[in-house]
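Trainee: Could you take me through one part of this model slowly? I'd like to see how a single helix fits in with whatever is around it.

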Amino acid sequence: MTGTETTAPSVARPQRADARRNFDALLAAAREAFAEQGPNASLEDIARRAGVGIGTLYRNFPTRDSLVEAVYIDEVAAVVRAAEEAGSLEPWEAVQAWLRRFIAYVGTKRALIEGLNKDSPVLLSCRTSLYDAGEPLVRRAQQTGELRSDATIGDVIRMVSGIAGVAFDDDQQRDRVLAMAIDGLRPR
C-alpha cells in the first residue's frame, strides 16, 4: 500500500463488453469534443466521433448534463489513479508526476466546468477526492525533506490550477513555467 489510495467518484459502466466499449468511446469522444468546443459541443458530432448512433449516446447519457458530468468524473478518477500510481515513485518524483497529470486535468476541467451543475454534490465529492489523492504525496515528500514544510495540498493545487489557467504560447512554455513553479516547492 502506497498510502495514496482514495475513493474517487466513478461512472457506472455497462456490464456487457460491447456496451462498455461504446460507453468508453462516447466518453473519449466527448472529452475531445468538449476540450475543443466547450460543453456545448454537438452531441451528434460526439456520437459520430465515437462511431455510434445518436440513440446509443442518449441510451447511455439521457441528457447533456449527464454526459458532461460523466466525463468530469472520469477525468477526476484518472487523476486519483495517477496519484496511486505515482505513490510507487520516489517522493519528489511522485509529486512531480502527479502534478503534471493534474495540470492536464485542469485543462479539461476548464472546458467542462461551465457545463456542470454547480449545485451537484458530485463537484464537492470530486474536489475532495483530488485533495485526498494528492495529500499523501505532498506529505511523504515533506517527510523526506524534499518539499517545503509550509506547503499544503490546497496551496499546491491552487498554484498548479493558476498555471493551467494561463494562456501559453506553446506546450514548451507551459512545461517550463510549471517546472519553475514545482521547483518553488523545494525547501529553501
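Mentor: Let's follow helix H6 and meet its neighbours one by one. Keep in mind that this is a predicted model.

Start with H6 itself, residues 121-143, and put helix H4, residues 64-86, beside it. Their axes come within 10 Å and cross at roughly 15 degrees. Angles under 35 degrees count as roughly parallel, so H4 is roughly parallel to H6. H4 passes H6 in a left-handed crossing. Who does the touching? From H4 you get Glu 69, Tyr 72, Ile 73, Val 76, Val 79, Val 80, Ala 83 and Ala 86, while H6 brings Val 122, Leu 123, Cys 126, Ser 129, Leu 130, Ala 133, Leu 137 and Arg 140. Sort that crowd by class and you find 13 nonpolar, 1 polar and 2 charged residues.

Now look at helix H7. H6 and H7 pack at an angle of about 110 degrees, and their axes are 9 Å apart. Since 65 to 115 degrees counts as roughly perpendicular, H6 is roughly perpendicular to H7. This time the crossing is right-handed. On the H6 side the contact uses Arg 127, Leu 130, Tyr 131, Gly 134, Glu 135 and Val 138, and on the H7 side Ile 153, Gly 154, Val 156, Ile 157 and Arg 158. By class, that contact of H6 with H7 has 6 nonpolar, 2 polar and 3 charged residues. Did you spot Leu 130? That residue is listed in the contact with H4 and again in the contact with H7.

Next, the largest pocket, which has a volume of about 210 Å³. It is lined by 13 residues, and the closest to its centre are Tyr 72, Tyr 105, Lys 109, Arg 127 and Tyr 131. You've met some of these names already: Tyr 72 is on the H4 side of the contact with H6, and Arg 127 and Tyr 131 are among the H6 residues touching H7. Helix H5 (91-113), H6 and H7 (153-164) each supply at least two lining residues, but H6 gives the most, with 5. The lining has 9 nonpolar, 1 polar and 3 charged residues.

One last step outward: H4 has another partner, helix H1, residues 17-37. The axes of H1 and H4 come within 10 Å and cross at roughly 95 degrees, so these two are roughly perpendicular to each other. Leu 27, Ala 30, Arg 31 and Phe 34 are the H1 residues in that contact, which by class has 7 nonpolar, no polar and 4 charged residues.

Conventions:
Residues numbered from 1 in each chain as written. Predicted model: local features only at pLDDT ≥ 70, side-chain atom pairs only at ≥ 80, totals over all residues. Heavy atoms only, no water. Axes fitted to C-alpha atoms, helices over the stretch in contact; angles between N-to-C directions. Helix = DSSP H or I, 4+ residues; strand = E, 2+ residues; numbered from the N terminus. Parallel < 35°, antiparallel > 145°, perpendicular 65-115°, else oblique. Left-handed = near helix turned anticlockwise from the far one by under 90°. Contact = heavy atoms within 4.5 Å. Nonpolar A, V, L, I, M, F, W, Y, C, P; charged D, E, K, R; others polar. 1 Å grid on protein atoms, 1.4 Å probe; cavity = no way out; pocket = protein on both sides within 12 Å on 5 of 7 lines; lining within 4 Å. Points joined across faces, edges and corners; volume = space filled by probe spheres on them.
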